[in-house]
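Work through the exercises below with the sequence and the coordinates open. Each task is followed by a solution in steps.

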Amino acid sequence: MRILLVEDDQTLGDAVKTHAVRQGHAVDWAKDQDNAEACLAAVQYGLILLDLRLPDGHGLNILKALRARRDKTPVIILTAHDQVSDRIEGLNAGADDYLVKPFDLGELEARIHAVARRYGAHQVPMIEIGDLQIFPSERRVTRTNGEQLALSAREWAVLEMLSVRRNAIVGKSQIEEALYSFGAEIESNTVEVYVSRLRRKLGRATIETVRGIGYRMVSDER
């Protein structure tokens, strides 16, 4: 998932970005309101982690502008404001969750997964492809014989994009955008490498190459 982190504290921002990247997310880090709005104008994010105190404005301004234009991107507020009134204001403005600093990075990741599950509630709980059982909300893949398959964070990110859009073609550029933040170096064969690794683990027939366009996972459910 591609995440926009809006945070002006260098130490906290470094910690959150590093942790999220290790979990397989692509992270763009904006340190003020202007840069955050520029990022939002250029990219469709899966989640926004939003600080409230910014050097050039208030984080709620970003949130209110999002909701005013009917943008439903999930938002988790990260702030030192621990008053109940602050939490109520943030939630009423359209935030999906609220985490008070300092916080544990493991808890942050759990909240990210919880918000992702809520927004993915329309998806089927399990996708069956051949002898594979893919559980998007749990980030888990098993075979029908009970064998659980171990995937790296990047491998899961690619599989998630393809499986939740099963039977549809996903372009190579779409996968690259989900995997990499601004400024990241992307080798020309990066997507092919991860698709190849997935095929070795899942079976070659699970992912089709649509030459010149992208990739597709074909589910039994059409």
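Two strands count as paired if DSSP finds at least two bridges between them. The model used here is predicted.

**Exercise 1. Determine which strands pair with strand 9 (residues 132-135), and in which direction they run.**

Solution.
1. Take strand 10 (residues 140-143): four bridges join it to strand 9. That satisfies the cut-off of at least two bridges, and the two strands run antiparallel.
2. Within this pair, Leu132 stands opposite Arg143 of strand 10.
3. Next take strand 8 (residues 127-129), which is joined to strand 9 by three bridges, also in an antiparallel arrangement. Ile127 has Ile134 of strand 9 as its bridge partner.
4. Inspect the connection: strand 8 and strand 9 form a hairpin with two residues between the strands, and Gly130 there takes a positive phi near 60 degrees.

**Exercise 2. Decide whether the faces of strand 9 are covered or open.**

Solution.
1. In a regular strand, side chains alternate between the two faces of the sheet.
2. Sort the residues accordingly: Leu132 and Ile134 lie on one side, Gln133 and Phe135 on the other.
3. All four are buried, so both faces of strand 9 are covered.
4. Phe135 has a further partner: the charged end of Arg140 sits over its ring, 4.1 Å from the centre.
5. A similar search turns up Lys31, whose charged end sits over the ring of Trp29 at 4.5 Å from its centre. Aromatic pairs, by contrast, number zero in the whole structure.

**Exercise 3. Establish how far helix 6 (residues 153-163) is enclosed.**

Solution.
1. Apply the cut-off for buried, under 20% relative accessible area.
2. Nine of the eleven residues of helix 6 pass, so the helix is largely enclosed by the rest of the structure.
3. The buried set includes the charged residues Arg154 and Glu155, as well as Trp156, Leu159 and Met161.

**Exercise 4. Describe the surroundings of Ala20.**

Solution.
1. Ala20 belongs to helix 1 (residues 10-22).
2. Its relative accessibility is 4%, so Ala20 counts as buried.
3. Beyond neighbours within four places in sequence, Ala20 contacts His25 and Val27.
4. Arg2 is 18 residues away along the chain, and its C-alpha atom is 9.8 Å from that of Ala20.

**Exercise 5. Judge whether the chain is as compact as a globular protein of its length.**

Solution.
1. Count the elements: eight helices and 13 strands.
2. The radius of gyration is 18 Å, close to the 17 Å that the globule rule gives for 222 residues, so the chain is as compact as a globular protein of that length.
3. Of the 222 residues, 45% count as buried.

Conventions
Residues numbered from 1 in each chain as written. Predicted model: local features only at pLDDT ≥ 70, side-chain atom pairs only at ≥ 80, totals over all residues. Heavy atoms only, no water. Buried < 20%, exposed > 50% of the residue type's maximum accessible area, 1.4 Å probe, protein only. Contact = heavy atoms within 4.5 Å. Phe/Tyr/Trp six-rings, centres within 6.5 Å; stacked < 30°, edge-to-face > 60°. Lys NZ or Arg CZ within 6 Å of the ring centre and 35° of its normal. Rg over C-alpha atoms; globule rule 2.2 N^0.38 Å.
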